[in-house]
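This briefing introduces a structure to a reader who has not met it before. Please look over the sequence and the model before reading the points below.

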Amino acid sequence: MSEWQEVQLGSICDIYDGPHATPPKQDKGFVFSGISSLGSDGRIDSAHFEYISENYFKKWTKRIEPKYEDIVFSYETKLGVAAIIPKGFKCCLGRRMGLLRPKLGIYPRFLLYAYLAPEFQKTIHERTFHGSTVDRIPLKEMSSFPVTLPPITEQKAIAAVLSSLDDKIDLLHRQNKTLEAMAETLFRQWFTVEAHEDWDEGILDDVISVKGGTTPSTKEPEYWDGEIHWTSPRDLSNHETVYLFDTERKITAKGLEKIGSGLMLNGTVLLSSRAPIGYLAITDIPVAINQGYIAIVCNKMVSNYFMYLWCKLNMEDIKNAGNGSTFEEISKSNFKTLALPIPPKQRLEEFDESISPAFRKIRSNQKQIYILEKLRDTLLPKLMSGEARVMV
């Protein structure tokens with residue numbers, strides 16, 4: 001540790017402010033990387049790219065154009081998130097985004113992990129300006145934020161360990177996205193393209209049961225911080241794949257007594273029913289739910305695989321069935337009356353047999369992701385503080 005030193009952020013990188021406006025978007029062209037394209041894993045999320053014309057791209061990169069291994073971050077709203085620019089990627093920054101450009105002797109991926117480390121995140125939180133409408137990191141003060149800096153050899157070694165974990169996590173996520181897309185295609189083929197006119201016309205209430213939930217009073221400490229999983233749609237706001245393994249909050253047995261629907265069993269399909277409608281997951285744990293969900297219990301005719309995919313492919317119809325003066329919401333009664341053709345039992349069983357291997361692989365991959373993320377989140381603060389060392 002003798003060679004480690006505490007330095008100021010401004011001594012190890014240049015800090016740039018991005019544009020202060022938003023250009024007109026178009027269907028294709030040059031990539032406009034806004035705040036939503038900052039993934040939670042330190043990577044740029046291509047699913048949220050927008051596009052601008054060449055003329056606007058030139059204007060929006062006059063102040064600064066991101067280049068390979070620059071670190072981009074948000075200094076308003078989505079605070080604490082950052083991503084590294086990959087090789088060959090050309091983009092301009094969106095409004096309220098900043099950029100860190102490593103100086104000589106600073107390994108770029110180490111700088112990324114230094115930004116994401118708990119100690120730096122704590123500094124961001126402590127120095128954030130809380131305005132009347134948005135929270136903001138004061139860029140003029142960022143150069144003085146402290147960073148613990150090891151020699152370049154250890155910077156590279158630390159980044160290699162953390163990057164290897166992130167690369168494996170990213171690979172598993174991409175595998176799951178492919179598997180889920182294949183499952184959606186198969187569902188569409190079996191139940192839309194090859195649907196038969198003689199199938200019975202029914203409603204969801206014919207094939208599933210639904211339940212709702214509630215929130216035990218947060219003023220009663222005896223209801224909270226127990227060992228029973230309790231979920232609100234917030235748990236799914238950054239959910240990237242099918243299964244729900246954990247929840248942010250847990251309740252006690254007394255808290256569970258306040259929820260009429262009790263515990264949802266493994267395999268329940270959860271659909272967020274308000275603000276927003278459309279978060280979706282299959283439970284892999286017994287869990288109690290709040291009032292922001294419709295719990296879909298597959299105890300009549302169709303499987304949870306069928307209902308998960310049906311909801312994904314009919315999400316616009318689900319949202320259109322919602323209403324509300326302050327925010328969109330779909331009630332259990334409206335959801336239950338949505339129409340669907342009811343396939344023969346044999347076809348449903350054959351589909352489940354065909355689709356089960358994909359869902360089992362998704363679940364296995366997601367288990368690995370869960371374990372690897374826990375390992376990375378445990379190692380990150382230890383490696384970045386020098387508490388754990390990497391042999392170099």
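Which residue takes a positive phi in the hairpin of S17 and S18? In that hairpin, which has three residues between the strands, the residue is Ala-275, with a phi near 40°. The model is predicted, so that local features need pLDDT of at least 70 and side-chain atom pairs count only at pLDDT 80 or more, while totals for chains, interfaces and linings use all residues. Residues are numbered from 1 along each chain as its sequence is written, and side-chain values use heavy atoms, with hydrogens and water left out.

**Strand S17 and its partners**

- Helices (H or I, at least four residues) and strands (E, at least two) are DSSP runs, numbered from the N terminus, and two strands pair if DSSP finds at least two bridges between them.
- Strand S17 covers residues 269-273, and five of its five residues are buried, so the strand is largely enclosed by the rest of the structure.
- Buried here means under 20% relative accessible area, exposed means over 50%, and partly exposed lies in between (1.4 Å probe, protein chains only).
- In a regular strand, side chains alternate between the two faces of the sheet.
- On one side of S17 the buried residues are Val-269, Leu-271 and Ser-273, and on the other they are Leu-270 and Ser-272; both faces are thus covered.
- Four bridges pair S17 with strand S18 (residues 277-283) in the antiparallel sense, and Leu-270 has Ala-281 of S18 as its bridge partner.
- Strand S20 (residues 293-297) is also paired with S17 in the antiparallel sense, over four bridges; there, Ser-272 has Tyr-293 as its bridge partner.

**A three-stranded sheet**

- An open sheet of mixed pairing is formed by three strands in the order S4-S3-S7.
- The edges are held by S4 (50-52) and S7 (91-93), each with a single partner strand, so one side of each has no neighbour in the sheet.
- From one strand to the next, the twist averages 40° (axes are lines fitted to C-alpha atoms, for helices over the stretch in contact, and angles between N-to-C directions run from 0 to 180 degrees).
- Strand S3 (residues 30-33) runs antiparallel to S4 and is joined to it by three bridges; Phe-30 has Ile-52 of S4 as its bridge partner.

**Cysteines**

- The count of disulfides (pairs of cysteine sulfur atoms within 2.5 Å) is zero.
- Cys-92 is in no disulfide, and the nearest cysteine sulfur, that of Cys-91, is 6.6 Å away.
- Cys-92 counts as buried because its relative accessibility is 0%.
- The closest cysteine sulfur to that of Cys-298 is in Cys-311, at 8.7 Å, which is too far for a bond; Cys-298 is partly exposed, at 26% relative accessible area.

**Aromatic rings and charges**

- There are 19 aromatic pairs, taking rings of Phe, Tyr and Trp (its six-membered ring) with centres within 6.5 Å; planes under 30 degrees apart count as stacked, over 60 as edge-to-face and the rest as tilted.
- Phe-191 and Trp-199 form a tilted pair, 6.4 Å centre to centre with 55° between the planes, and both residues are buried.
- The pair of Tyr-308 and Phe-359 is edge-to-face because the ring centres are 6.2 Å apart and the planes stand at 90°.
- Tyr-308 lies in helix H9 (residues 304-313) and Phe-359 in helix H12 (residues 345-385), so this pair ties together parts that are 51 residues apart in sequence; Tyr-308 and Phe-359 are both buried.
- A cluster linked by ring pairs contains Phe-187, Trp-190, Phe-191, Trp-199, Phe-306 and Phe-351.
- The charged end of Lys-25 sits over the ring of Phe-32, 4.6 Å from its centre (a charge sits over a ring if NZ of Lys or CZ of Arg is within 6 Å of the ring centre and within 35 degrees of the ring normal).
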